[in-house]
Amino acid sequence: MQIPFTRPQASWTPDRASRLKYLCLVPVVLYDSIFFLLPLVFLIWIGFWSVENYRAVPGFSIANYSDIFGQFFSRSRYAYAIAQSVWVSATTTLLGLLLCYPFALGLVFLVPARLQRFALVLAIAPFWTSYILRLYAWQTVINTNGLLNTVLLRLGWIDVPLQIIFTQMGTRIGLLHYLAPIMILILYLVLRNIDQTLLRASENLGATLWQSFWRVLVPLSKPGLVYCAVFGSIISLGDVLSGIVLGGGTGKSLLGSFPLFSTVILNEYAASTNLPRTSALATLLIAMMVMILVLGLQFAAVDE
Amino acid sequence: MSHASIAQTTAQATAQTTLASPIPMTTTDLELCQIAKCYGQQQVLHDINLSVKAGEFVAIMGPSGCGKTTLLNIIAGLEGISTGAVRLRGQDITRLPVNQRNTPMVWQHFALFPHLTVRQNIAFGLTLGKHRQREIAPKVQTMAGLMHLEELLDRRISQLSGGQKQRVAIARALITEPPILLLDEPMSALDPHLRVRMQGELKRLQQTLGIAFIYVTHNQNEAFSMADRIVVMNQGRIEQVGTPAEIYTQPATHFVAEFVGNNNLFDGTVIEVNATTVTVQCPQGKIYAHSEQNHAPGDRVTAVVPADRLRLTPQPVPAQNIIQASLRGCEFMGSQVIYWLETATGYEVKVMRQEAFSDSLALPINAELYLSWETEDTMLLGERG
Amino acid sequence: MTRQHQSWFRHSLAASGWVYLALGYGLLMLPILTLVIFSFETSRFPTLPWTGWTWDWYRQLLSDGKLLQALRASLLVSPLAAGIATILGFFAAYALNRFEFPGKKVLTILLIVPILVPPLILGVAFLGLLSRINLQGHLHSILLCHVVILIPTAIALITLRLMQMPKAIEQAAWNLGATEWQALWRVVLPWSIPGIAGAFLLAFTFSFDEFVIAWFVSGFEPTLPVSIYNFLGSNLSPALNAVGTIVFLMSVLLLIGVELLLLPMLLAQPTKSEP
């Protein structure tokens, strides 16, 4: 295609000529570079430092890592903590999906339209109150002599108190209470945007409720389910509070009584204030999360 | 307002001004010179030349995607161009930023500021610079009077009807006393019954103000009822510039003839040429046309016959052009009836007649009828481009 | 299956759905109700049977001072962090929404990714940097770090609002003579107010609730969650319930804000800026 270059001129548009984009973006980019990228780079670097006379000394030594991997299965048993973290976060995420999806379905299909907004506000209300206080409240509920056990014993449904607190089931309860409002919100938004005539159409074509559910509703809400799964596993892997307050640090699970990896990082720092070593552990956690993200993305890509 | 000031030979005029010294031509308000626009590899405007006189109402018409809104955005400075120049009252504004142009626009969905009142919306253009508050108030009052908005000045935008919103949008655009007003399909968001009324009001407003209006639309009724001059665009090019009468009776290209919509097009070959009449052999039969252009036997041509020049009779009548066809259907639009017929060769023909409702019912579907028209109503176009 | 069977099946499905919803709401609300109710119980150990009503724990809370001081610290840090993040986020969201430029994708990822990194990692990382430049251990250390994790929230919510703005509105402002700054200030900003307010509320909540980063960098000026954590380690006290109730009342106020600002935005159907 020929353009008559009789009077060539630079093209001019407000968007291209504008310097506003630099003014808008430079502050935030500077801020994130200094207080986000720099610390992360620093973290990885500090992992190679050593400690002498209780002071971190810059340098390059792989002592931290060799130490960590040396104790991988022995005294500190990092491997078991990592396994525990993965196990708890996977099961918590799955439980969250299984519990929240029907709840969101109920919100969309049972609650009358004019009440849905209020119902949604009520469902996400816990999210706006303090997480650590909610965990504390759960403690009073699931304690050995807490509300739950008192009630169940009174009713005669159990003879000995249930041991929920200071197990990973306790950890999961705390995490689920944190995740549920957000999962419900995401799933609600996704389900609500599904064209409901599709369901009527599927029914009209002779599908049973069960078939409509599996063949129309679930595939269409898949994006929401994937978001929730990613969100749930990242939060559960990184959380420290539930594992300590409700899981008691080394809560028992099917795998055994091991702490979560995040708890290990926090506790080791609290005990030793050995920043280089903590940084090395945190770097390992980053590596873990990157691996999970890559695997998750590959899973999603294969699925597409 | 005189209609006599309409430029006929746009292309030549602009070609001259492009090369001539930058002495402002007092009667020309807007000039577009050899404008081309590319998005990457794709060229969306080709060699656009147009000059608009002071006080002229120009409608830019074309199908969606023809580049008409892009052209309007270029005049307003919202989009840049690849080559060419835009001049407003003799001043080259090609590289002038949008906010320094004073080429206000009336948007398709009005684009009123939802957080401001009607008064604040109208005053917006005056509150940006060095105007003082006491200068602004009377101007807003005058503008509100002109647009019949006095009662609504303290309303919020969400409380207005579509027609009221449009009047606010126009008032807001005119407050800075611009030399030109750009309108981007301003009627498309209105109810059909409102459109016709607004067309009249808009035309009256333009004549009162005496400034040029550039009106982009895909709707022919709007263009034909308001414009002094119509620009027909297709695929980024100007197909024809002319008065509504010229566009209607003398379409310059096949595209215009088809787009204007009331024409029947018959493709054929010239078989005989004499002093005044050209004979064209078409699949439908021989068609006699009047032509001032030079045609030679063997030329591929298209005969254009306006739908309202066709007569429809149950029996053959003495006429130069006559074709037999059977009736396939009719549409009633007030006192006007549109007949759809099909010739023996399967070609669809449209006929528009002013007729009483009862008369048209007398014709049964599939009735064999005769179409006839005069030689001077047949126009010839060269081979399709 | 007969028609009667089918409708019976549907009714029982709906009924069990309602039961499930009720159970779900019960579990979601259970800890909050426990907090509020047991903040008025006389017994030191929050358990049944109920022993009586008292204001003692609130009195103890007021006299103790540590938790209240932490609450004050939180009420200083969180609004400031949320405010800074919202301002930075507004300008970033505006630029990302309006302009196309090379590297935009990478930049967007950079700006959003802090919320995907676990706070635990960030806490260690912040401490590492801040301790090198002697900025650790104060309230402003928490402020600096919290802004980083709040920026993505602010950008996301304000972008959501900006995407609902017809492009023509800003163009109309330019077209009428406004400079880019005037248009930004007088048209885009008013339009974004619901998004900005919603972003501020959400950012405030995140900061107010954030534990790990604050634990690492706060030193001797703990925020409320850190202070509560220390409290949990030392002694259980219903004073925590009292704090919880106060915090809960604050979140009720937040929730009203959410109901009025955030949800209408999330539930709005996306508007097309151009037809």
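Chain C and chain A bury about 8,100 Å² between them, with 80% of that area on carbon and sulfur atoms; buried area here is the accessible area (1.4 Å probe) that two parts lose on being put together, summed over both. The size of an interface is often given in this way, as the accessible area lost when the parts come together. The model is a predicted one, in which local features need pLDDT of at least 70 and side-chain atom pairs count only at pLDDT 80 or more, while totals for chains, interfaces and linings use all residues. Residues are numbered from 1 along each chain as its sequence is written, chains are lettered from A and ligands numbered from 1 in the order in which they are written, and side-chain values use heavy atoms, with hydrogens and water left out.

Turning to the make-up of this first interface, chain C contributes 94 residues to the contact and chain A contributes 92 residues, contact meaning heavy atoms within 4.5 Å. The count of salt bridges between chain C and chain A is 0, where a salt bridge is a side-chain nitrogen of Lys or Arg within 4 Å of a carboxyl oxygen of Asp or Glu. Polar contacts do cross this interface, and 5 residue pairs are found, both residues being at pLDDT 80 or more. A polar contact is a pair of N or O atoms within 3.5 Å; within protein, one must be able to donate a hydrogen and the other to accept it, and residues adjacent in sequence count only if both atoms are side-chain atoms. Helix 1 (residues 3–38) of chain C gives the largest share of the side of chain C that touches chain A, with 19 residues; helices (H or I, at least four residues) and strands (E, at least two) are DSSP runs, numbered from the N terminus. By class, that side of chain C holds 75 nonpolar, 12 polar and 7 charged residues. In this scheme Ala, Val, Leu, Ile, Met, Phe, Trp, Tyr, Cys and Pro count as nonpolar, Asp, Glu, Lys and Arg as charged, and the others, Gly among them, as polar.

Chain C also meets chain B, with 17 residues of chain C in contact with 21 residues of chain B. About 1,700 Å² is buried between chain C and chain B, and carbon and sulfur atoms give 66% of it. On the chain C side, Asn175(C), Leu176(C) and Arg186(C) lose the most area to chain B, together 41% of what that side buries. There are 0 salt bridges across the interface of chain C and chain B, and 5 residue pairs are in polar contact (both at pLDDT 80 or more). Helix 7 (167–175) and helix 8 (180–209) of chain C each supply at least two residues of the side that touches chain B, and helix 7 of chain C gives the most, with 7 residues. This side of chain C has 11 nonpolar, 5 polar and 1 charged residues.

Within chain B, one open sheet has 6 strands in the order 6-7-8-3-9-10, with mixed pairing; two strands pair if DSSP finds at least two bridges between them. Its edge strands, each pairing on one side only, are strand 6 (105–106) and strand 10 (237–242) of chain B. Strand 3 (residues 57–61) and strand 9 (residues 229–234) of chain B run parallel and are joined by 4 bridges, with Ile230(B) in strand 9 as the bridge partner of Ala59(B).

A second open sheet of chain B has 5 strands in the order 15-19-16-17-18, and here the pairing is antiparallel. Strand 15 (311–313) and strand 18 (348–354) of chain B are the edge strands, each pairing on one side only. Strand 16 (residues 321–333) and strand 17 (residues 336–343) of chain B run antiparallel and share 8 bridges, and Ser326(B) has Glu342(B) in strand 17 as its bridge partner.

Over all chains, the salt bridge count comes to 17. In chain B, Lys37(B) forms a salt bridge with Glu79(B), the closest N and O atoms being 3.8 Å apart. This pair links distant parts of the chain, 42 residues apart: Lys37(B) is in strand 1 (residues 28–39), and Glu79(B) is in the loop between helix 2 and strand 4 (83–88) of chain B.

In chain A, Glu268(A) lies in helix 13 (residues 261–272). The side chain of Glu268(A) makes a polar contact of 2.7 Å with the side chain of Tyr78(A) and another, of 3.2 Å, with that of Arg277(A).
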